[in-house]
Amino acid sequence: MPVVIEVVTVIDAPSAVVFDLELDVDVHAASLASSGETATTSTGRRRLGLDDEVTFQARHLGRSWRMTSRITAHDRPHRFVDEQTRGPFRTLHHEHLFEALTAQRTRMTDRMSITAPAGPLGAAVAHLLLAPYLRRLLRERAAHVKRATEAGDEHPS
């Protein structure tokens, strides 16, 4: 059974700006700098598009991880989806939604669904350990994007 994690953030910036920053792998890595995250894209471009893949390497929960995701849906500036193609989860589906509340205000919703390997034991670990940890990471990332966009920094480090 999948675990679903949802984080909603209201950002005082246009939805297109927020959308583009969410697809920027340098912004992603900077938002999780404490994990030593790096990102390598399949195209060499830093902003992802439909069917692009990105491989993340980082240290989480005391060990190094590597995960590759592909952008499987892309509807600028409303929605995109990334899904794990290789990595630690049995499945990972991450939907990013952007709702323009006004011309200068956006509701950004991260909806992540994961299933862990290892049957019932993996499901228990996903609920008890992974879900709270991933929720915290999504909140950190959203806070980073919020600070960057509200400061008018379209290229945050």
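User: Which classes of residue make up the lining of the largest pocket, and how many of each are there?

Analyst: The general idea is to sort the lining residues by class and count them. In this predicted model, the lining of the largest pocket has 25 nonpolar residues, along with 7 polar and 8 charged ones.

User: How much space lies in that pocket?

Analyst: The largest pocket holds about 780 Å³ of space. It has 40 lining residues, and the closest to its centre are Met67, Phe89, Leu92, Leu134 and Leu137. Try picking those five out on screen first.

User: Which helices and strands supply the lining, and which one gives the most?

Analyst: Here you match the lining residues to the elements they belong to. Helix 2 (25–31) and helix 3 (119–150) each supply at least two residues, and so do strand 3 (53–60), strand 4 (63–75), strand 5, strand 6 and strand 7 (105–115). Helix 3 gives the most, with 9 residues.

User: Okay, on to rings. How many aromatic pairs does the structure hold?

Analyst: There are 3 of them. To read a pair, look at how far apart the ring centres are and at the angle between the planes; over 60 degrees counts as edge-to-face. Take Phe19 and Phe80: the centres are 5.5 Å apart and the planes stand at 85 degrees, so this pair is edge-to-face.

User: Where do Phe19 and Phe80 lie?

Analyst: Phe19 is in helix 1 (residues 15–22), while Phe80 is in strand 5 (residues 79–86), so the pair ties together parts that are 61 residues apart in sequence. Phe19 also pairs with Phe98, again edge-to-face, at 5.2 Å centre to centre and 70 degrees between the planes. Phe98 belongs to strand 6 (residues 91–102) and Phe19 to helix 1, so that pair ties together parts 79 residues apart in sequence. Put together, ring pairs link Phe19, Phe80 and Phe98 into a cluster.

User: Are Phe19 and Phe98 buried or exposed?

Analyst: For this you need a cut-off: buried means under 20% relative accessible area. Phe19 has 0% relative accessibility, so it counts as buried. Phe98 is buried too, with a relative accessible area of 5%. Phe80 is likewise buried.

User: What lies over the face of Trp65?

Analyst: That's Arg63, at 4.1 Å from the ring centre. Keep Trp65 in view, since it comes up again when we turn to the strands: Ala58 stands opposite Trp65 in strand 4.

User: In which sense do strand 3 and strand 4 pair?

Analyst: To read strand pairing, check the direction of the two strands and then count the bridges. Strand 3 and strand 4 pair in the antiparallel sense over 8 bridges. They form a hairpin with 2 residues between them, and Leu61 in the turn has a positive phi of about 55 degrees.

User: And how many bridges are there between strand 4 and strand 5?

Analyst: That pair has 7 bridges, also in the antiparallel sense. One bridge to look for joins Thr68 to its partner Arg86 in strand 5. Strand 4 and strand 5 form a hairpin as well, with 3 residues between them.

User: What joins Arg76 and Pro77?

Analyst: A cis peptide bond, with omega at about 0 degrees. Pro77 lies in the loop between strand 4 and strand 5.

User: How far apart are Thr55 and Ser69 in sequence and in space?

Analyst: This one shows how to compare the chain with the fold. Thr55 and Ser69 are 14 residues apart in sequence and 6.5 Å apart in space, going C-alpha to C-alpha. Thr55 lies in strand 3. With 15% relative accessibility, Thr55 counts as buried.

User: Which residues other than glycine have a positive phi?

Analyst: Leu61 came up in the hairpin turn, and two others to check are Asp51 and Ala118. Phi of Asp51 is near 75 degrees, and Asp51 lies in the loop between strand 2 (38–41) and strand 3. Ala118 has a phi near 80 degrees and is found in the loop between strand 7 and helix 3.

User: Are Asp51 and Ala118 buried or exposed?

Analyst: The cut-off for exposed is over 50%. Asp51 has 52% relative accessibility, so it counts as exposed. Ala118 is exposed as well, with a relative accessible area of 57%.

Key. Residues numbered from 1 in each chain as written. Predicted model: local features only at pLDDT ≥ 70, side-chain atom pairs only at ≥ 80, totals over all residues. Heavy atoms only, no water. Phe/Tyr/Trp six-rings, centres within 6.5 Å; stacked < 30°, edge-to-face > 60°. Helix = DSSP H or I, 4+ residues; strand = E, 2+ residues; numbered from the N terminus. Buried < 20%, exposed > 50% of the residue type's maximum accessible area, 1.4 Å probe, protein only. Lys NZ or Arg CZ within 6 Å of the ring centre and 35° of its normal. 1 Å grid on protein atoms, 1.4 Å probe; cavity = no way out; pocket = protein on both sides within 12 Å on 5 of 7 lines; lining within 4 Å. Points joined across faces, edges and corners; volume = space filled by probe spheres on them. Nonpolar A, V, L, I, M, F, W, Y, C, P; charged D, E, K, R; others polar. Pairing = 2+ DSSP bridges.
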